[in-house]
Amino acid sequence: MQPIVKPLSIWQRKLVFGTLLLAFILSLPIFIFYATGYRYDFSERESGITATGGFYILADANNTDIYIDDEIVTNARAFRDAFYIQGLEPGLRNIHVQGPGLNTWVKELMIYPHIVTEVESFNLPLLPRVRLVPEYTDVGGEAVFFAKSSSTPVLLSIATTSTPFRLSTSTATTTLRQSPEFVLLQDLFIEKASTTASMKRQAIGKEEKPFGFSTTSKVTTVDEIELATTTVVRDKLALVQKGDDVFALALSSNVKDVPRYFCINQTPVIKPVSPEELFEDKKLPAEQLLNDIADEQTTPCRAEIRIDRKWQTVHGFDFFPANGNLVIMHLDDGIYVVEIDDRSWQNTQLLYPGSDLELLLYRDGIFVRQNGLIFEVLPEIASV
Amino acid sequence: MVENEQLLPYARRPDFHVGRATELKGRRRLFYRCLEIMPGLASWGTLIGVVLLSIYTPFVAAYFVIAFALYWVLKTAFLSYHLRYNWKRLRHHMSLDWQSLIARFTYDHIYHVVILPFYKEPTSVVEASLDALAKVNYDHKNIIIVLAAEERAGESATTTLREMKEKFAGKFGFFLTTVHPMDVPGEAIGKGSNASYAAEQVRVKVLDAHGIRYNHTLVSIFDIDTVLYPDYFNCLIWHFMTAKQPLKSSFQPVPIFNNNIWEAPAVSRVVAMSSTFWEMIQQERPERMATFSSHSVSFKALYEVGYWQTNMVSEDSRIFWNLLIANNGNYDVVPLSYPVSMDANAGSSLWQTLVQIYKQHRRWTYGVENLCYVIYHFTQNKDIPRGKRIKLALQQAEGYWSLVTNPIMLFILGWAPLFLGGQEFHKTVLSYNLPIMVRDLLILAMFGLVVSSIISLTLIPPRPEKASRFRYVVMALQWVMIPATMIIFSAIPGLDAQTRLMFGRYMGFWVTPKVRSV
């Protein structure tokens with residue numbers, strides 16, 4: 001008599017080992033080919049193996065869907081707000097990202113074999129979302145707004161604030177307290193206006209040389225001077241106005257620090273500028289090729305990208321608070337958000353319409369003053 | 001009379017019991033030192049190599065990582081197959097009536113010497129082990145207990161000896177207590193010197209004194225927290241009687257670290273069960289086995305090699321290599337597939353427990369010193385078949401190398417190409433697919449943990465009343481900690497041990513504190 005369950009026999013172990021070894025040998029090339037982007041198309045009769053590429057799409061807005069060539073993309077979420085879509089055959093692809101109540105973001109980008117094209121979408125609300133900043137609060141801390149009649153003004157009707165407020169037809173303020181936030185913002189708006197005016201005066205003073213001899217007939221406009229002295233820097237990017245246009249400049253010569261959309265195939269290669277060069281108002285490089293950084297990568301990089309201004313006058317610009325790849329442009333008919341990425345085209349979305357606006361970016365807020373009212377423009381629909 | 005005439009010819013060599021390079025001279029010393037450097041160098045070289053590969057050739061590194069992750073999945077499947085099979089066999093063995101199985105043998109002439117070395121462990125731990133021994137289904141008059149204390153442990157140890165002798169002396173054939181003197185020249189502090197001293201004492205005072213033949217004596221050396229299952233000796237006798245060469249075999253039970261499993265923290269349970277599972281896997285591939293922790297061996301075999309080495313740390317495995325080499329490769333480990341219960345690590349606090357686990361595993365993984373010993377003697381003893389020498393050396397080397405490098409490569413360095421690969425690599429499909437593929441393969445490998453989780457639940461003792469039923473859920477889910485425990489309590493202590501050996505900072509024996517709530 002002896003135990004029924006015998007130890008594993010050598011042949012059993014060899015069989016299992018051999019099977020797994022065979023599985024390893026056969027599957028490893030498949031895994032590696034798959035990982036590098038090769039796909040086998042069973043529908044093709046001839047040469048079914050294709051080298052594919054992919055998209056990595058950052059989509060910040062909530063509740064958005066991604067479409068590639070009008071087909072919705074599913075099961076591609078890599079992180080909360082990032083999608084990785086692979087197995088795309090090389091060629092021009094149309095991406096659009098849309099969601100209910102949001103602007104649709106659309107772009108056409110090339111897919112290259114074995115390469116992932118990174119792109120970042122943004123979707124602002126179709127209807128502006130604002131939070132009114134009250135000038136006064138009553139003794140109970142409730143916001144008070146003044147109105148000529150008891151009907152709610154348009155701005156108040158679109159305000160998304162959940163803070164309770166009271167509408168007063170009386171302008172008496174003796175029983176009210178002034179809101180510190182309003183006072184602060186009011187001061188900042190005044191300060192900004194006076195700084196801008198001062199800069200304009202200084203600029204005019206520099207340009208108006210009554211006893212100088214000019215060989216050119218060019219007259220420098222106030223706007224040009226004002227904006228040439230207005231430079232905004234964030235991380236390794238700068239926004240600067242040259243003439244009527246605003247440009248995004250790469251401040252680093254290190255390719256790793258430059259967003260990928262600066263590096264594309266079809267545009268001339270320009271040497272990136274250093275912050276020193278930028279602020280010393282040296283001549284910005286525009287044409288020279290930069291072969292040294294081209295050694296580090298297959299696609300050459302540009303140093304500047306022009307920001308779309310819709311053929312309007314630029315009244316102000318800055319980086320979008322939550323995203324350094326977007327620019328807030330204060331144009332004639334409203335405040336827009338424009339992406340710097342100009343591959344195929346730059347998406348431009350209206351943040352707030354209006355022609356008589358003042359814009360202020362304070363901390364991470366976008367504030368607008370219109371008709372004496374100050375309000376914060378909210379760039380996204382609050383998630384429920 | 002020839003000195004050491006009882007020893008096998010090869011065991012008479014002066015370097016047979018070499019513990020470290022410093023005990024040798026000349027070229028042999030240099031060679032042994034190189035062997036001590038080799039494991040650490042190989043492990044560090046691999047880890048640094050993966051980093052360098054990721055920096056300079058990230059594509060090659062990525063292919064390597066994918067291949068390695070796939071290998072890991074298949075290795076997990078391979079090991080899980082062995083584990084599951086041994087679990088089946090273990091349960092079958094536990095259900096058998098071994099007494100009826102051995103009824104056909106004549107075995108009443110066989111004596112069991114049970115050596116229980118201890119240091120400062122509480123009396124309750126010693127008592128629990130002796131209690132279990134007193135309850136085994138075996139003729140107690142054929143059991144010789146040797147309770148082996150250390151002089152350096154002081155009064156507490158001698159008190160324990162006295163108390164245990166009073167309580168248990170009448171329950172066994174013989175009950176011998178020994179006190180290993182401290183500071184014996186040439187000895188390292190550790191279990192091996194105590195056990196060897198006890199073995200010699202029992203030979204002189206019991207075996208020789210009562211005319212008990214060495215080849216009729218089986219020695220079981222148990223850690224002091226070892227609690228026997230009732231049929232251990234019956235199972236041992238069956239295997240001894242049916243072994244191809246019983247006097248040239250060691251008998252290895254499965255150590256299950258479950259004595260205090262309901263009191264130990266989750267991390268300790270996972271580490272303890274992982275060790276058990278590793279031993280269970282090894283039981284199904286005995287050609288790769290060396291003895292570990294509690295095991296049994298014939299006294300004759302022990303006597304022929306001069307007992308356990310007294311000058312090193314991992315004497316429990318070293319004794320097997322001593323026996324294999326002294327017997328010119330003609331020596332086996334017979335897996336019993338029968339459990340013995342031991343303590344999981346449990347300190348006075350969670351931190352203390354973590355420290356204890358780390359130190360214990362560093363001591364275990366310091367078993368890499370055996371690799372140097374094995375390769376050294378494989379180059380010296382040409383009577384061992386060459387094929388066997390090469391195979392065993394490679395198996396052992398691979399084992400120590402993979403113990404240290406595999407978890408780190410898999411769970412940490414697998415991502416190195418992503419961070420170190422550079423711009424060219426970062427924009428490729430391969431760069432994006434690498435983490436996805438490795439993650440998916442590791443998830444696939446984690447299915448092996450489901451097997452582990454189920455098996456572990458069947459190996460734990462009944463739930464004490466004070467423990468909530470919810471603990472079962474925790475015990476099932478605790479296995480998600482495996483990646484972390486593999487790195488922190490296997491790879492890193494292993495690397496620590498190999499690095500110490502590499503730099504000649506030889507380790508001493510560290511006694512794992514045994515604390516059990518009463």
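In this predicted model, Ala148(B) has Thr178(B), a residue of strand 3 of chain B, as its bridge partner. Strand 3 of chain B pairs in the parallel sense with strand 2 (residues 143-150) of chain B, over 7 bridges. The points below place this pair in its sheet, then turn to the contact with chain A and to a set of strands in chain A.

**The sheet of chain B**

- The sheet in chain B is open and has 8 strands, in the order 3-2-1-4-7-6-8-5, with mixed pairing.
- Strand 3 (174-180) and strand 5 (227-228) of chain B stand at the edges; each has a single partner strand, and therefore one side of each is left without a neighbour in the sheet.
- Strands of a sheet pair through backbone hydrogen bonds, in either a parallel or an antiparallel sense.

**Helices across the sheet of chain B**

- Helix 7 (residues 232-242) of chain B lies across strand 1 (111-117), strand 4 (217-221), strand 5, strand 6 (249-256), strand 7 (295-298) and strand 8 (332-341) of chain B.
- The angle between helix 7 and strand 8 of chain B is about 165°.
- Helix 8 (residues 266-283) of chain B lies across strand 6 and strand 8 of chain B, and runs at about 145° to strand 6 of chain B.

**Contact between the chains**

- In chain A, 32 residues are in contact with 30 residues of chain B.
- Helix 1 (10-36), strand 3 (53-59) and strand 7 (82-88) of chain A each supply at least two residues of the side of chain A that touches chain B.
- Helix 1 of chain A gives the largest share of that side, with 12 residues.
- The residues of the side of chain A that touches chain B comprise 20 nonpolar, 9 polar and 3 charged.

**Strands 16, 17 and 18 of chain A**

- Strand 16 (residues 231-234) and strand 17 of chain A pair in the antiparallel sense over 4 bridges, and Val233(A) has Ala238(A) in strand 17 of chain A as its bridge partner.
- These two strands form a hairpin with 2 residues between them, and Asp235(A) in the turn has a positive phi of about 50°.
- Strand 17 of chain A is also joined by 6 bridges to strand 18 (residues 245-250) of chain A, and the two run antiparallel.
- Val240(A) stands opposite Phe247(A) in strand 18 of chain A.
- Strand 17 and strand 18 of chain A form a hairpin with 2 residues between the strands, in which Gly243(A) takes a positive phi near 65°.
- Strand 17 (residues 237-242) of chain A is largely enclosed by the rest of the structure, because 5 of its 6 residues are buried.

Conventions:
Residues numbered from 1 in each chain as written. Chains lettered and ligands numbered in written order. Predicted model: local features only at pLDDT ≥ 70, side-chain atom pairs only at ≥ 80, totals over all residues. Buried ≥ 20, exposed ≤ 12 C-beta atoms within 10 Å, placed from the backbone. Pairing = 2+ DSSP bridges. Contact = placed C-beta atoms within 7 Å. Nonpolar A, V, L, I, M, F, W, Y, C, P; charged D, E, K, R; others polar. Axes fitted to C-alpha atoms, helices over the stretch in contact; angles between N-to-C directions.
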